Amino acid sequence: MTITPVSNFSLSNSNVNFTRRRRDVEPDTIPYQPERSSGIVKKVPVIVLLAMSPLNSSSVEPYNPNYIPNNIEMVQQRDDNIVLKRELHSGNESIRYLAFSDDNNEKDFENFCFNYDNKVGNKKGILVGKVIAICDTPRTDGRYLMAYRQISNGQAEKDFKICYIPDVFGAQLKFYANFRTNNGAIGLLPQSEFDEYFGKSNVKNAPLIKDRVTRYKPIK
């Protein structure tokens with residue numbers, strides 16, 4: 001199947017807020033006290049640093065959601081900037097991963113997108129996003145915590161979101177994060193980094209990815 005060339009999708013990070021967030025408390029209840037190093041430099045969360053990286057600031061486009069690859073394929077067409085693609089299933093849930101290269105090197109990738117769907121009755125819930133980071137250890141039920149930016153109308157939202165993904169999806173994403181071709185696209189972080197940025201209660205109570213779907217379409 002023909003792959004549409006990468007274009008028109010902006011991942012500008014110029015408006016990312018550098019201040020650390022604690023989203024499990026009301027903003028007015030605890031005054032913000034920035035941490036300082038050497039008396040002047042405040043700590044920047046690792047998740048923000050990942051998103052602010054120049055490797056994550058160039059343009060890509062989410063792939064065609066109707067394209068269904070069967071396994072990892074190293075794509076040689078440099079014009080498409082596609083390094084690998086993979087489809088995985090877990091019950092009624094499916095996810096399609098696609099990695100893009102921004103540095104004209106088909107041997108590594110700087111952006112990593114996903115297209116998720118969940119079949120419920122005669123409908124399919126859909127979520128498209130760009131991976132920011134994956135937690136390095138799963139929770140007790142095997143699910144992995146993922147930080148991502150939702151993609152809507154070809155644009156990645158400014159704020160990060162989190163959700164728990166099935167074990168098979170998370171284990172594969174962790175593999176890609178450790179893969180030699182991951183050139184800053186996917187962060188592999190301890191839960192403490194997620195707790196610090198999003199707040200412990202938000203991490204603990206983060207929704208499943210199937211509850212994050214943004215649109216539905218009928219199953220033909």
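In the predicted model, Cys 113 is fully covered, with a relative accessible area of 0% that places this residue in the buried class. Cys 135 is likewise buried, at 2% relative accessibility. The structure nevertheless holds zero disulfides, a result that rests on a cut-off of 2.5 Å between cysteine sulfur atoms.

The protein comprises four helices and eleven strands. Of its 220 residues, 44% are buried. The accessible surface amounts to about 11,400 Å², and carbon and sulfur atoms contribute 48% of this area. Among contacts with a separation of 6 or more, 62% are formed by residues 24 or more positions apart.

The largest nonpolar core contains 26 residues, and those with the most contacts inside it are Tyr 97, Phe 112, Phe 114, Met 146, Ile 165, Leu 173 and Ile 186. Two or more residues are given to this core by each of the strands S3 (82-90), S4 (93-100), S5 (111-120), S6 (123-135), S7 (144-152) and S9 (161-165), and also by helix H2 (167-178). The greatest contribution is that of H2, which supplies four residues. Another core, of 15 residues, lies apart from the largest one; Ala 133, Phe 160, Leu 189 and Leu 208 are among its members.

Charged side chains were examined next. In general, side chains of opposite charge can pair when their charged atoms come close. A search of the whole structure yields four salt bridges. One of these involves Arg 96, a residue of strand S4, whose side chain meets that of Glu 87 at an N to O distance of 3.2 Å. Both residues of this pair are buried. A further salt bridge links the side chains of Arg 96 and Asp 117, with an N to O distance of 2.3 Å. Since Asp 117 belongs to strand S5 and Arg 96 to strand S4, this pair ties together parts that are 21 residues apart in sequence. Asp 117 and Arg 96 are both buried, and the relative accessibility of Arg 96 is 4%. The contact between the side chains of Arg 96 and Asp 117, at 2.3 Å, also qualifies as a polar contact.

A salt bridge is also found between the side chains of Asp 141 and Arg 139, where the N to O distance is 2.9 Å. Here the partners are not buried: Asp 141 is partly exposed, with a relative accessible area of 44%, and Arg 139 is partly exposed as well, with a value of 30%. Salt bridges with shared partners join Glu 87, Arg 96 and Asp 117 into one network.

Gln 150 provides a case of a buried polar side chain. This residue is located in strand S7 and is classed as buried because its relative accessibility is 6%, which falls under the 20% limit. The side chain of Gln 150 is joined to that of Lys 161 by a polar contact of 2.8 Å. When residues up to four places away in sequence are not counted, Gln 150 touches Leu 127, Val 128, Gly 129, Gln 155, Ala 156, Glu 157, Lys 161 and Thr 214.

Asn 153 is found in the loop between S7 and strand S8 (155-156). Its phi is near 55 degrees, a positive value in a residue other than glycine. In contrast to the buried Gln 150, Asn 153 is exposed, with a relative accessibility of 81%.

Helix H3, which spans residues 191-198, is mostly covered, with six of its eight residues buried. The buried positions of H3 are Glu 193, Phe 194, Asp 195, Glu 196, Tyr 197 and Phe 198. In general, an α-helix has 3.6 residues a turn, so residues three or four places apart point the same way. After H3 comes Gly 199, which has a positive phi, near 100 degrees.

Terms used:
Residues numbered from 1 in each chain as written. Predicted model: local features only at pLDDT ≥ 70, side-chain atom pairs only at ≥ 80, totals over all residues. Heavy atoms only, no water. Core = buried A, V, L, I, M, F, W, Y, C linked by side-chain atoms within 4.5 Å. Buried < 20%, exposed > 50% of the residue type's maximum accessible area, 1.4 Å probe, protein only. Contact = heavy atoms within 4.5 Å. Areas by Shrake-Rupley, 256 points an atom, 1.4 Å probe, with all protein chains shown as cover. Polar contact = N/O pair within 3.5 Å; in protein donor to acceptor, adjacent residues only side chain to side chain.
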